[in-house]
Amino acid sequence: MAQKDPQGKPFDSALEELESVVEQLESGELSLEDSLTAFERGVGLVKYCNQKLSEVERKVEVLVKDKEGKLTLKLLDAMADDEDNDT
């Protein structure tokens with residue numbers, strides 16, 4: 001299994017590759033060396049996917065209405081803080 005850097009790979013492609021790696025590992029048909037290589041590749045893909053998800057989460061903005069009914073933009077993190085304060 002060739003080691004490829006997932007950098008620049010679309011998230012969906014990286015996730016599909018990760019699913020494929022998991023299936024290969026679960027099949028039990030890989031040699032110990034190939035299993036280790038697949039596992040290392042999987043770890044790299046998990047890190048890449050988590051990084052991409054974190055980047056997207058930071059960029060997400062949501063339109064919400066304030067108490068006066070005006071639409072405002074809020075960062076996702078700010079909305080979570082508001083919800084925490086409401087409970």
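The following conversation concerns the charged residues of a predicted model.

Student: What kind of model is this, and how are residues numbered?
Tutor: It is a predicted model, in which local features need pLDDT of at least 70 and side-chain atom pairs count only at pLDDT 80 or more, while totals for chains, interfaces and linings use all residues. Residues are numbered from 1 along each chain as its sequence is written, and side-chain values use heavy atoms, with hydrogens and water left out.

Student: How many salt bridges are there?
Tutor: The count is three salt bridges, a salt bridge being a side-chain nitrogen of Lys or Arg within 4 Å of a carboxyl oxygen of Asp or Glu.

Student: Which residue does Arg41 pair with?
Tutor: Arg41 forms a salt bridge with Glu17, and the closest N and O atoms are 2.8 Å apart. This pair links distant parts of the chain, since Arg41 is in helix α2 and Glu17 in helix α1, 24 residues apart. Helices here are DSSP runs (H or I, at least four residues), numbered from the N terminus.

Student: Is Arg41 buried or exposed?
Tutor: Arg41 counts as buried because its relative accessibility is 4%. Buried means under 20% relative accessible area, exposed over 50%, and partly exposed in between (1.4 Å probe, protein chains only). Glu17 is also buried, at 17% relative accessibility.

Student: What else does Glu17 bridge to?
Tutor: Glu17 forms a salt bridge with Lys9, where the closest N and O atoms lie 2.7 Å apart. Lys9 counts as partly exposed, at 22% relative accessibility.

Student: And where is the pair of Glu55 and Lys52?
Tutor: Both residues lie in helix α2, three residues apart, about one turn of the helix. The closest N and O atoms of their salt bridge are 3.6 Å apart. Glu55 is partly exposed at 22% relative accessibility, and Lys52 is partly exposed with a relative accessible area of 28%.

Student: Which residues are joined into a network?
Tutor: Lys9, Glu17 and Arg41 are joined into one network by salt bridges that share partners.

Student: Changing topic, which residues gather in the patch of negative charge?
Tutor: Asp12, Glu16, Glu19, Glu23 and Glu26 form that patch on the surface. Such a patch is made of residues with over 30% relative accessible area and no salt bridge, like charges being joined within 9 Å.

Student: Where does Asp12 sit, and why does Asp12 count as exposed?
Tutor: Asp12 is in helix α1 (residues 11-27), and Asp12 counts as exposed because its relative accessibility is 54%.

How values were computed. Patches are made of residues with over 30% relative accessible area and no salt bridge: like charges are joined within 9 Å, nonpolar side chains (Val, Leu, Ile, Met, Phe, Trp, Tyr) within 5 Å. Accessible areas come from the Shrake-Rupley method with a 1.4 Å probe; for residues, only the protein chains shown count as cover. Lys and Arg count as positive and Asp and Glu as negative; His and the chain ends are not counted. The place of a charge is taken as NZ of Lys, CZ of Arg, CG of Asp or CD of Glu. Helices (H or I, at least four residues) and strands (E, at least two) are DSSP runs, numbered from the N terminus.
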